[in-house]
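Here is a friendly walk through one chain, starting from its core and moving out to its overall form. Have the viewer open as you read.

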Amino acid sequence: EHFYEDISNEDQSVAYDDWEDFKLITVKYIFFQEDEFLLYDEENISIIKMENKLIFLSENKDVIIEISKKFQKRIRTNDNIELAIYKILDILVDNAMLMIDVIDESLENLEDNILACDVEEEDVQKDIYNTRRTLNRISKLFIQETDIINKIYHDLPLKIKKELKYEFADLKEHAKFLINESKTLLDRTGYLLNVHMGILSNRMNQAMQRLAAISIIFMPLSFIVGNYGMNFDNMPELHTKYGYFWVSSINVVIAGGIFIWLKKKKWI
């Protein structure tokens, strides 16, 4: 009952169970969702090893077909069951490495787009969120799978252990690479988010700077207009023949002078 429960449970974590007649290895096959860019999905893969048979199961038919195609290209007629297990695990690791490559390339493109200001804020945040979730999952998953790989290797017969020494060492190196690369790319997503927020903050500062510049230009003009809008009886300038022309000219000169000064200060 425990055996069937482990196979049928979709939430079953990565595990290695050893019974007298068979061994059950539960691992995860991870892939990108079709409708969500850079966001992962996963399926349980149950590998059952008996004396002279090897079975691997999944509820997702497409996953089984894809793994089977890759497995058929790698397997040889004289390969033993232990080597076949290694090749299935290697397929899962290679699949995760392809995902890491896709994420790495996507982050490079995202960085270029952020620096070129050619991306929507909502898209950036969504892509970074999806990427961080996927990288976190890959990192945690292969920490667990490294432990499973060690258990499988130590449980092999001595003769086969010597034969597959380098294969399993290579498998562990790839798993270690995935863990380290996931953490490195996680740090990179944090850097990209900071860069994006910095650019947004800089845009906001520039907008506020322009508004301040406009206010500086019109402030003395408003003061002059306010003075001559008081309409006191004893205001000689109101009766000057060219008063309007002179006041307007002074306003233009002041506004032009402030504009040139702000231009030199790069406020406009």
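## Core and overall form

In this predicted model, the largest nonpolar core has 53 residues, and those with the most contacts inside it are Ile 25, Ile 45, Ile 47, Ile 67, Phe 142 and Phe 168. Two or more residues of this core come from each of the elements tabulated here.

| Element | Residue range |
|---|---|
| strand S2 | 23–32 |
| strand S3 | 40–49 |
| helix H2 | 61–74 |
| helix H3 | 81–115 |
| helix H4 | 121–154 |
| helix H6 | 165–228 |

H3 is the top contributor, giving 17 residues to this core. A second, separate core has six residues, including Ala 213, Ile 217, Leu 221 and Leu 262.

Which residues does Ile 25 touch, leaving aside its neighbours within four places in sequence? Its contacts are Ala 15, Tyr 16, Ile 45, Ser 46, Ile 47, Ile 85, Ile 148 and Ile 152.

Now zoom out to the fold. The chain holds seven helices and four strands, and along the sequence they run α-β-β-β-β-α-α-α-α-α-α. With 268 residues, the globule rule gives 18 Å, but the radius of gyration of the chain is 34 Å, well over that value, so the chain is more spread out than a compact globule. Along the principal axes, its C-alpha atoms fill a box of roughly 115 × 35 × 25 Å.

Of the 268 residues, 36% count as buried. The chain exposes about 17,000 Å², with 54% of it supplied by carbon and sulfur atoms. As for charge, the chain has 32 positive and 46 negative charges, whose mean positions lie 7 Å apart.

Definitions and conventions. Residues numbered from 1 in each chain as written. Predicted model: local features only at pLDDT ≥ 70, side-chain atom pairs only at ≥ 80, totals over all residues. Heavy atoms only, no water. Rg over C-alpha atoms; globule rule 2.2 N^0.38 Å. Buried < 20%, exposed > 50% of the residue type's maximum accessible area, 1.4 Å probe, protein only. Areas by Shrake-Rupley, 256 points an atom, 1.4 Å probe, with all protein chains shown as cover. Lys, Arg positive; Asp, Glu negative; His and termini not counted. Charge placed at Lys NZ, Arg CZ, Asp CG, Glu CD. Core = buried A, V, L, I, M, F, W, Y, C linked by side-chain atoms within 4.5 Å. Contact = heavy atoms within 4.5 Å.
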